[in-house]
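Please look over the model below before reading on. The points follow one strand, one helix and one small sheet.

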Amino acid sequence: MTSCPVTGADGTDSELIVIDPLVRGLAVEGARLRAAGPVAPVELPGGVRVWALTHHAETRKLLTDSRLVKDISHWAAWQRGEIPKTWPLIGLADPGPSMLTFDGPEHRRLRTLTAQALTPRRVEEMRPRIEAITAGLLDGMEAAADAEGRVDLKTAFAYPLPMAVIGELLGIDTVRIPRLRALFDGFFSSLTPAQEVLAILEELGSIFSAVLEEKKREPGDDLTSALLAAAEGGDRLTDEEVINTVQVLITAGHETTISLIDSAVVALLTHPEQLALIRSGSVSWEAAIEETLRWDAPTTHVLIRFATEDIEVGGTVIGKGDAVIVSYGAMGRDEAQHGPTAGEFDITRPPTRHLAFGHGPHVCPGAPLSRLEAQVALPALFERFPGLDLAVPPTELRNKPAVTQNELYELPVRLR
């Protein structure tokens, strides 16, 4: 991460923070962003300059501010042709018509129709399957471990669990899961070559189009079929809206859970006194999950909103036409919100509001499912392997090069 001066829309000079595409120091980067103020000028991969929201209070307010919209046509740099369609992060800034790209009445329409399909009851009904998938993966971990009990927990457990769950929820054939994994890895990577970006988006669209046609021919008891059937006052989702909604849900429904499970395991194994509190029954797993979400958020930077007029925040002006990202990884340790111990992992912390899943109209639709999976997976993991520990020093753990996701390459553990 480097920096150089930049002139903001208000005419003042600020220090530009260049986001490291290799994600080599999230904690240091987060501290740097918070220190820059509630709004920090940053440069994303590809030399794209935007504003980052880094403090809790200001971000929470702006996430419900109608002057920040999701429609990319308001981005001045996009209008000027400065952002190529092959930009590695374009799929997150312009993913097609969906809940992610609409505001106001059109967003409420899509959210309402989706909510009819993704009901709390449907999510809770997944619990037995999550428990069964978890048990099977734990069996597989034990079988895959080497003579010293070493295994990569991410590959064997944290990754396949949410992919299997969201696949079943959406009614996606298991034969498609390996290819979807590969495509989403490329989709989120900061290092995906520009020429591959559009190809990945096109193939994802083709896969989900095929799933849609299958569900039209043979509807099932799954979320994709429910989205096709959802109606409000005679209104239904178009095929394109269903396809894009499925893509949004599979993205929100597996990436956050992978990171949440990995981060919780690392946090608890490096803070054994905290894990002991859970085992004694003094603190709940739910408290540990919420503290993990705050302290080591699954999502680091979420793209992108655009200012429809000048917006003053803490003495800085986000200019009309400027782009804004939300730096959840930075604000989770905001001392103004979480106190002087915000940088510490403490599951006994009094319940405190965090923004790991967003806030306002665009709050993550996969949040209830992600929490449920963690509530099932983590107790089962530590009950099966009570002596579980890291197989490498924590300093050797490395993040994947994805500026939007807090995701490890691997998580080597020993099963005991």
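1. Strand 5 (residues 68-69) runs antiparallel to strand 9, joined by two bridges. Within strand 9, Phe306 is the bridge partner of Val69. Strands pair if DSSP finds at least two bridges between them. Strands (E, at least two residues) and helices (H or I, at least four) are DSSP runs, numbered from the N terminus.

2. This is a predicted model: local features need pLDDT of at least 70, side-chain atom pairs count only at pLDDT 80 or more, and totals for chains, interfaces and linings use all residues. Residues are numbered from 1 along each chain as its sequence is written, and side-chain values use heavy atoms, leaving out hydrogens and water.

3. Strand 9 (residues 302-307) also meets strand 12 (residues 323-326): three bridges join them, antiparallel. Here Phe306 has Ala323 as its bridge partner. Five of the six residues of strand 9 are buried (under 20% relative accessible area; exposed is over 50%, partly exposed in between; 1.4 Å probe, protein chains only).

4. How far apart are the end C-alpha atoms of helix 18 (residues 367-384)? They are 26 Å apart, which agrees with the 26 Å expected for 18 residues at 1.5 Å a residue. The expected span is 1.5 Å times one less than the number of residues. Its buried residues include Leu369, Leu372, Glu373 and Val376.

5. Strands 6, 14 and 13 form an open antiparallel sheet, in the order 6-14-13. Strand 6 (150-152) and strand 13 (389-390) are at the edges with a single partner strand each, so one side of each lacks a neighbour in the sheet. Two bridges pair strand 13 with strand 14 (residues 412-414). Asp389 stands opposite Arg414.
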